[in-house]
Amino acid sequence: MAQNPDARGAAPDLSVQLGPLRLRNPVMVASGTFGYGEEYADFLDLTQLGAVVVKGISLAPRPGNPPPRLVETAAGMINAIGLENVGVDVFLESKLPYLRDRHVPVIVNIFGNTLEEYAELAARLDGVPGIVALEINISCPNVKSGGMIFGTDPAMAARVVDAVRRSTTLPLITKLTPNVTHIGEIARAAVGAGSDMLSCINTVAAMAVDIFTRRPKLANIFGGLSGPAVKPIALRCTYEVLQAVDCPVIGIGGIATATDALEFLLLGARAVQVGTANFIQPAVTAEILRGMELFLRVQKLQSVEEYIGTLDRQCLFPFAEIACGMTDLP
Amino acid sequence: MSKFLEEALILEQREVAQQTYRLRLRAGRMAEAACAGQFFMLQVREGMDPLLRRPFSFHRIHPGEGNIEVLYRVVGRGTWWLSRCAPQTRLNLLGPLGNGFQLPRNAGSPVAIVAGGIGIAPLCELIHRLLASRGTLEARDIHLFYGARSAGELLPESDLEDLGISVYRGTDDGSLGYDGFVTDLFRKTAEEKHIKPSVLYACGPLAMQYHVARWALEHRVPSQLSLESLMACGIGACLGCALPASAPAGSTADHYVHVCKDGPIFGAESIQWHKIQTHGAPPPIFLYS
Ligand SMILES: Cc1cc2nc3c(=O)[nH]c(=O)nc-3n(C[C@H](O)[C@H](O)[C@H](O)COP(=O)(O)OP(=O)(O)OC[C@H]3O[C@@H](n4cnc5c(N)ncnc54)[C@H](O)[C@@H]3O)c2cc1C
Ligand SMILES: Cc1cc2nc3c(=O)[nH]c(=O)nc-3n(C[C@H](O)[C@H](O)[C@H](O)COP(=O)(O)O)c2cc1C
Ligand code: FES
């Protein structure tokens, strides 16, 4: 492809400041879609990533839900993995060192059944080299106890964040669920309780059925929808959260291209996480970064910070340019 | 073993049985690296529908020619799209994935192979590898039990009989060969002909694999069953492809294996069969809408 003449010149600065956290670029991978990093090392230079958010970790290992655990739907998929994970001990001993040795900033997604479990997990991860932040998962739709209830009630959300805040000095990101009426309220509660940042969204509660067997397609009946199908919901949620709070927000949901990622940044998200798209193109994040850099060059912007949050909220009719000057018509 | 992405080119696509196609792909690196029983994730189409890649076995691997063959059945959107792809179409492959079949250590003794429907796909490459490395084993001591729902779904006779192996065919509706399930055909024939395999290989629907597993455990014959699950990533990242497994050290707690990275080949003893709920027959008709 011929290089656009506007696209030459110095490389734009992709680094972003997220509260206390500085990242080399705004593109991370979302929890649960990138394993513990190693799984993707054959396809991607992991050091290119802004950060790796690892699969949700609990104190004790969890086996997860019975299968079938996933199903594809139009432009998306529904999963009911049930937070299967190796537990914090195995994570620290045999998963984290791989990423730490490669100098990849690691964000640990944490999950507990009780406030005490959240607090204990946060304490165990505090001060561990290689971990740059914790992402508090208060929004998983796939577990019976805890999980969802923490994320749908502002008071409960605040108590979880408060418990974690007291147990660690690490920067905290609270991951919000879209499965609420007013996401802004939960956002405010989390920030009020000490969350440095917010990320949104987790998966959207969903269901699929089979007309032949006349049964649900997931053993768990419900699951979480992700992939391109959820992007418009994620954009709306991100917008609402940005209206409600004044802290860095990380956009997640259906991001598969540089355009998708730039849409979240335009709203004011300071970073993004790429989830389901990793399954389809394991090196998709590298492509997103390349596209983002090209876009900034074409736009003659020196840094991504200049672009973040530049949305003009006035919407114009798409053919407005042509309509201009036609006032003399009846 | 490292895995990679490869852009493959369709050389030929042919309908070889009812709703069943054989695809020949130019994929030099994949052909060089893959073993019998492994699989790859295929992006059937760029775009958002179908979104996820689909897992397919290596039906034949031709490292010398830089080709692989895929045998697949049209069951839904992804495989339907695939069946519309003409020669020269490019398809993106991610592989080779999974553990693959182990060839028997005891090269001289007979082996039994049970194939249900499209489950024949990976077993063809296995049969060729067995033939190539069989030591003192006669071709006819490779016993293939091959069943499908109906005659039209079976691969044509010459494809397998020409190899000189012992082939026993059956159909669920009795339209060809043994009238009934392939597992019954296998059980009956093994008894009547005193076939005592040193290894039992199988691929097919889970309900069939359950009966094969029971036979293997009853007769204490080591088995290698190629199992299926729904997959999103194929590389152990999403944890979607779980099957209930026998828990370590006899514990009764829930324990799962992941078909993409622990399998797809498992011994009968490693799966907790009674915890798998299958609904038996696939959809009676295929609706594309
Ligand atoms: C390791 C492995 C190797 C495979 N090798 C082959 C092969 O060589 N040839 C071949 O034809 N098929 C193979 N399959 C099955 C193949 O992946 C599915 O048939 C395919 O994904 C269906 O895609 P679709 O879009 O057409 O169907 P969808 O529209 O996604 O689904 C249609 C129907 O097919 C069923 N289905 C979907 N995925 C699977 C699956 N993984 N296993 C069983 N049923 C499924 C669905 O439950 C549904 O009833 C393999 C599967 C695995 C896990
Ligand atoms: C298979 C799978 C597993 C997931 N596991 C977790 C998890 O453990 N913790 C978490 O906070 N989010 C988890 N998520 C949600 C994702 O991190 C992300 O929020 C969601 O998938 C939306 O992004 P996407 O549309 O780009 O996939 C999971 C998503 C998928 C698809
Ligand atoms: S398919 Fe993702 S872990 Fe097996």
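The exercises below work through two ligand sites, a salt bridge and some backbone features of a predicted model.

**Exercise 1. Place ligand 2 and describe its surroundings.**
Task: State which chains ligand 2 lies between, which residues come nearest, and which pocket holds ligand 2.

Solution.
- Step 1. Start with the chains. Ligand 2 lies between chains A and B.
- Step 2. Look at the residues around the ligand. There are 25. A:S31, A:K175, A:G227, A:G254 and A:T276 come nearest.
- Step 3. Sort this shell by class. It holds 15 polar residues, eight nonpolar and two charged.
- Step 4. Assign the pocket. Ligand 2 sits in the second largest one.

**Exercise 2. Find polar contacts of ligand 2, then its burial.**
Task: Give the distances from oxygen atoms of ligand 2 to A:N109, A:G227 and A:G275, then say how much of the ligand the protein buries.

Solution.
- Step 1. Apply the cut-off: a polar contact is a pair of N or O atoms within 3.5 Å.
- Step 2. Take the side chain. A polar side-chain atom of A:N109 lies 2.9 Å from a ligand oxygen.
- Step 3. Take the backbone. A polar backbone atom of A:G227 is 2.8 Å from an oxygen atom of ligand 2. For A:G275, a polar backbone atom is 3.1 Å from a ligand oxygen.
- Step 4. Turn to area. Ligand 2 taken alone exposes 610 Å², and the protein buries 98% of that.

**Exercise 3. Do the same for ligand 1.**
Task: List the closest residues, the contacts with B:S57, B:R77 and B:T79, the buried share and the contributing elements.

Solution.
- Step 1. Look at the shell. Ligand 1 is surrounded by 19 residues. The closest are B:R54, B:P55, B:G78, B:T79 and B:E228.
- Step 2. Check the contacts. The side chain of B:S57 has an N or O atom 3.0 Å from a nitrogen atom of ligand 1. A polar backbone atom of B:R77 is 3.3 Å from a ligand oxygen. In the side chain of B:T79, an N or O atom is 2.4 Å from an oxygen atom of ligand 1.
- Step 3. Compute burial. Taken alone, ligand 1 exposes 850 Å²; 79% of that is buried by the protein.
- Step 4. Map the shell onto elements. Those giving two or more residues are β4 (54-57), β6 (67-73) and α2 (77-83) of chain B. The largest share, four residues, comes from β4(B).
- Step 5. Sort by class. The shell has ten nonpolar, five polar and four charged residues.

**Exercise 4. Explain what one salt bridge links.**
Task: Why does the pair A:D196 and A:R165 tie together parts that are apart in sequence?

Solution.
- Step 1. Identify the pair. The side chains of A:D196 and A:R165 form a salt bridge, 3.0 Å from N to O.
- Step 2. Locate both ends. A:D196 lies in the loop between α5 (183-192) and β10 (197-200) of chain A, and A:R165 in helix α4 (residues 154-165) of chain A, so the pair ties together parts 31 residues apart in sequence.
- Step 3. Set the pair in context. The count over all chains is 26 salt bridges.

**Exercise 5. Pick out unusual backbone geometry.**
Task: Locate the cis peptide bonds at B:P50 and B:P96, and the positive phi at A:R214.

Solution.
- Step 1. Recall the background. Most peptide bonds are trans, and most residues other than glycine have a negative phi.
- Step 2. Take B:P50. A cis bond joins B:D49 to B:P50, with omega about -5°. B:P50 is in the loop between β3 (39-43) and β4 of chain B.
- Step 3. Take B:P96. The bond from B:G95 to B:P96 is cis, with omega near -15°. B:P96 is in strand β7 (residues 90-97) of chain B.
- Step 4. Take A:R214. Its phi is near 55°. A:R214 is in the loop between β12 (209-210) and β13 (215-216) of chain A.

Methods: Residues numbered from 1 in each chain as written. Chains lettered and ligands numbered in written order. Predicted model: local features only at pLDDT ≥ 70, side-chain atom pairs only at ≥ 80, totals over all residues. Heavy atoms only, no water. Near = heavy atom within 4 Å. Polar contact = N/O pair within 3.5 Å; in protein donor to acceptor, adjacent residues only side chain to side chain. Areas by Shrake-Rupley, 256 points an atom, 1.4 Å probe, with all protein chains shown as cover. 1 Å grid on protein atoms, 1.4 Å probe; cavity = no way out; pocket = protein on both sides within 12 Å on 5 of 7 lines; lining within 4 Å. Sits in = over half its atoms within 2 Å of the grid points. Nonpolar A, V, L, I, M, F, W, Y, C, P; charged D, E, K, R; others polar. Salt bridge = Lys/Arg side-chain N within 4 Å of Asp/Glu carboxyl O.
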